[in-house]
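The following report describes a structural model, beginning with its metal site and moving on to its cores, its sheet and an annotated region.

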Amino acid sequence: MRFEISKVLDAIEGRVCTDPLMARAVVDLAELVRFVDLDGGRPASLLRLGITIDALGRQLQEDGAPVYAVVHRGLLSDADLTSNERMVIRRWADDGLVEVLTNPADRVLEVADLLGLPVLSRQRYDGLAGRYPWVNEPGRVLAPISGSNGPTLKARVGVSMPTAVGVSPAGAKLLARTWRCAESSCALFGGGGGGSFADLVRVERAPYGQPPPSLRTGAPTCPRHESRLSDIGPRPKVEVLAIRIGGQIRQRFVVAPDQQVVVGRAPEQSGGIRLGQWLNDEARRWISRNHVSFELRGGELVARDVSTNGSGIRPGGSMDEANRIALMNHQIRPLGKGDIVELYPGVQVGRAEKMTSGGNFNPTSVMAEAPTMAIRLKP
Ligand SMILES: [Zn+2]
């Protein structure tokens with residue numbers, strides 16, 4: 001059973017991040033782990049994060065929708081969690097997957113404000129509605145609750161669709177720059193202070209995935225170390241793409257400068273996007289291990305067909321067969337804003353902001369490995 005629990009926690013780990021390009025909602029982890037009624041289990045359980053992530057995916061009709069978790073430092077020593085859960089959260093903190101803060105205060109709302117993301121919480125936030133009036137807007141604050149068909153998200157106002165409104169003007173200014181924390185081991189804005197040991201820093205996180213600095217003090221500040229951040233230059237411009245299979249968004253990914261991302265049945269390249277798990281037999285036979293590669297050339301997004309059977313471009317997302325342009329034999333083509341690359345009928349890649357889900361949806365649960373003993377979802 002312990003083995004299965006750690007597999008669930010590994011699956012959840014793939015859905016927590018502090019990356020503004022990937023996160024789809026913001027949570028206060030210390031609050032969330034105590035929603036006992038979600039599963040009727042222990043006083044605190046990290047598995048409730050998985051339950052909530054699944055509910056988010058169902059409601060967005062999107063697989064692999066990650067959450068941005070803000071964590072009160074006290075949770076790392078909370079005796080209501082298992083030692084394994086505390087260890088996992090500590091690892092997430094070390095890897096910069098979550099923000100661990102001594103004084104989280106309104107950081108959840110600040111992140112949601114800067115990134116324009118919904119908040120998953122049961123708090124009323126009445127005292128903060130003056131500063132963040134959007135907490136009273138439809139779909140911006142949703143409570144994870146147990147519904148008649150299992151755990152769900154109930155919006156505080158309006159229909160229960162998690163609503164993202166896009167990065168705010170203040171957020172856009174912060175996300176246009178790369179920031180560095182004075183604390184050389186900082187997992188959020190690390191890379192060292194440029195000292196002689198800077199090259200020994202464990203992980204240098206990709207600058208385009210840096211979280212939004214806090215503005216609580218008026219100047220860009222590291223939310224973890226509460227120290228002023230240095231501006232070390234412009235943030236590289238990237239493209240965020242999404243995979244849509246059978247009408248459903250399955251995964252988002254980033255194409256950064258000087259980087260090639262291969263999409264295919266089972267790409268050899270590390271960081272390649274593996275589609276095999278979502279394909280039926282015919283699509284699996286048609287789509288090559290390495291099928292299409294994406295890169296930025298002079299800031300322009302281009303697709304290159306590297307497959308055996310070829311791909312197609314659907315200009316502006318048009319599903320009219322007459323408009324389909326064949327792409328094959330290592331041909332390269334720049335992609336216009338709404339263009340979609342089709343690897344096989346219904347297997348598509350395009351810019352994330354232009355791709356939506358539709359139709360029947362069978363999301364992949366992060367809780368798939370959860371033993372029924374540990375998770376008794378209320379009917
Ligand atoms: Zn820091």
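## Zinc site

The site of the zinc ion is tetrahedral, its 4 donor atoms subtending angles of 104 to 117°, where four donors count as tetrahedral if all angles lie between 85 and 135 degrees. For comparison, the ideal angle for four tetrahedral donors is 109.5 degrees. Coordination comes from Cys181 (SG), Cys186 (SG), Cys222 (SG) and His225 (ND1) at 2.1 to 2.3 Å, donors being N, O and S atoms within 2.8 Å of the metal (3.2 Å for Na, K and Ca). The donor residues follow the sequence spacing C-x4-C-x35-C-x2-H.

Both Cys186 and His225 lie in the loop between β7 (177-180) and β8 (230-234), so the pair ties together parts that are 39 residues apart in sequence. Cys186 counts as buried because its relative accessibility is 4%, whereas His225, at 27%, counts as partly exposed; buried means under 20% relative accessible area, exposed over 50%, and partly exposed in between, with a 1.4 Å probe and protein chains only.

## Basis of the model

This is a predicted model, in which local features need pLDDT of at least 70 and side-chain atom pairs count only at pLDDT 80 or more, while totals for chains, interfaces and linings use all residues. Residues are numbered from 1 along each chain as its sequence is written, and side-chain values use heavy atoms, with hydrogens and water left out.

## Nonpolar cores

The largest nonpolar core (buried Ala, Val, Leu, Ile, Met, Phe, Trp, Tyr and Cys residues joined through side-chain atoms within 4.5 Å) has 40 residues, and those with the most contacts inside it are Ile12, Leu29, Leu46, Leu49 and Val67. Among the elements that give two or more residues to this core are α1, β2 (67-72) and α3 (47-60), and α3 gives the most, with 7 residues. Apart from this core lies another, of 30 residues, including Ala23, Val111, Leu115 and Val141.

## Sheet and annotated region

An open sheet of 5 strands runs in the order β12-β11-β13-β14-β17 with mixed pairing, strands being DSSP runs of E with at least two residues and helices runs of H or I with at least four. Its edge strands, β12 (273-274) and β17 (332-334), each pair on one side only. β11 (residues 261-264) pairs with β12 in the parallel sense over 2 bridges, where pairing requires that DSSP finds at least two bridges.

The UniProt annotation "domain: FHA", from an unreviewed entry, covers residues 261-313; such annotations may be inferred rather than shown by experiment. Over residues 261-313 the chain is 11% helix and 40% strand, with its end C-alpha atoms 17 Å apart.

Notes. Four donors count as tetrahedral if all angles lie between 85 and 135 degrees; four count as square planar and six as octahedral if opposite donors are over 155 degrees apart and all others between 65 and 115; anything else is irregular.
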